[in-house]
Amino acid sequence: MQSSHARNPVQAETAAGGRRQLVKILIALALVIFAFLGLAGRCVYLQYCQADHFTEKSLLQQRSYLPLEPQRGAILDCRGRVLAASDQIRTVFAEPRIIKDPKETATRLAPILDLGAHEICKRIVDSNNPGYAVLKTGATEVECEAAQKIHGIGIRYAWRRNYPMGRLASHAVGFTTVDNRGIEGIEYAFDSNLRGRGATRMFLVDVHRRPLRFCLKDDEDYESPMHGSGMILTIDATLQQFVREALYRQYQEFQAEAATAMIADPQTGAILAMVCLPDYDPGEARHCDPGVFRNRLLTDQFEPGSIIKPIVAAVALDTAVVNRYETIFCENGDYQGKGFGHIGEYRRGYRDLTLREILTVSSNVGMAKIGQRLG
């Protein structure tokens, strides 16, 4: 009986220890299972719920985009002579972040670009943009072909606006900014037609953002720019030149603040010449006083004065409110009319005048009375 009672506490203790061990194993197993379930859930979340997000991020790392600017449409006169056009220019640039030895690169580039090696090296080293340092703008095709064979050197193509006739039709044509936006004249009024639509060209890059392959025309991301539409004006450059020369002589002779002249086709109303002085060179507009950009023919008010009298007389004859033989009393140059104040004459007063005589002496009183008849 004593031995039986002595073994029971030992067996109880062993059994309790076994249960504790089993609980620990079960807890550890549960933690492992929960960990794997969490890992599996995370994998599902990343691969399915966040698939589009990480796909987009990976594509951004693998791809780079090159902007392609459209060619701005040309502006021509009525005979096809160029008033404004865009020419392609080539810019040789360096990518400082991938050039290991700027001095060696500059030494190789110097005879190609006809620039000093020291100047080229300075532009590469001092560039604030690690991916773009301009070395030469307006490079020739031969220079570009030779330069781009050197590691870290690239070529950028852009468009530069030119105005072959300079200030001849500056107020009519206007000018653009360096980023191809119209500011004045036709360039501004029809900017959306002339500008066209740009595009971007995608290419694959390596870990250092160096290009590996451009997308092909069959690729989904391939896009081409849409060049702007050209415009033909009614202005004749030859007439514009004659008018400007004649107006400029008067402008200088009278030391005028401004002068304007215009020629229009009486049959169609087409503007054949439009000159405003002072004018400016559209290619150098950024250095000009903004006050000269105003087209006074379109913006300034102008009182026609006595030159409107023949038109009023023609309307009066056409509507039969007066005839060629009737005389009109011109009040000796002192007329007080209903609805307006005093009207006098420029030199002296007149008595009875026919319509022809009213036009000959440019009588203000006579035309005022005819105007009253017209209503």
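Let's start where helix 11 and helix 13 cross: their crossing is left-handed. In this predicted model, helix 11 covers residues 309-318 and helix 13 covers residues 364-374. Their axes come within 10 Å and cross at roughly 40 degrees. How should we describe two helices placed like that? Angles under 35 degrees count as roughly parallel, and those from 65 to 115 as roughly perpendicular; helix 11 and helix 13 are therefore oblique to each other.

Now zoom in on the side of each helix that takes part. Helix 11 brings Lys309, Val312, Ala313, Val315 and Ala316 to the contact, while helix 13 brings Asn364, Met367, Ile370 and Leu374. Sorted by class, the residues of this contact are 7 nonpolar, 1 polar and 1 charged. The charged one is Lys309 and the polar one is Asn364.

Next, move back along the chain to another pair, helix 3 (residues 102-113) and helix 4 (residues 117-125). Here the axes come within 8 Å, and the crossing angle is roughly 135 degrees. Because angles count as roughly antiparallel over 145 degrees, helix 3 is oblique to helix 4. The crossing of helix 3 and helix 4 is right-handed.

Which residues of helix 3 and helix 4 meet? From helix 3 come Pro102, Lys103, Thr105, Ala106, Thr107, Leu109 and Ala110. Their partners in helix 4 are Ala117, Ile120, Cys121, Ile124 and Val125. This contact divides into 9 nonpolar, 2 polar and 1 charged residues.

With those two pairs in mind, step back and take in the whole chain. Its secondary structure comes to 13 helices and 14 strands. Along its principal axes, the C-alpha trace spans about 165 × 70 × 40 Å. A compact globule of 375 residues would have a radius of gyration near 21 Å, yet this chain has 42 Å.

Finally, how far can you trust what you see? The chain has a mean pLDDT of 87, and 93% of its residues reach 70 or more. Where in the chain is confidence lowest, and where is it highest? The lowest is strand 7 (residues 211-214), with a mean of 65, and the highest is strand 2 (residues 75-76), at 97. Take a look at the start of the chain as well: over residues 1-6, pLDDT stays under 50, and the model has 0 contacts for them beyond four places in sequence. Where pLDDT is low, the predicted coordinates should not be read in detail.

Definitions and conventions. Residues are numbered from 1 along each chain as its sequence is written. This is a predicted model: local features need pLDDT of at least 70, side-chain atom pairs count only at pLDDT 80 or more; totals for chains, interfaces and linings use all residues. Side-chain values use heavy atoms; hydrogens and water are left out. pLDDT is the predictor's confidence in each residue, from 0 to 100. Helices (H or I, at least four residues) and strands (E, at least two) are DSSP runs, numbered from the N terminus. Contact means heavy atoms within 4.5 Å. Axes are lines fitted to C-alpha atoms, for helices over the stretch in contact, and angles run from 0 to 180 degrees between N-to-C directions. A crossing is left-handed if the near helix is turned anticlockwise from the far one by less than a right angle, and right-handed if clockwise. The radius of gyration is taken over C-alpha atoms; the globule rule is 2.2 Å times the number of residues to the power 0.38.
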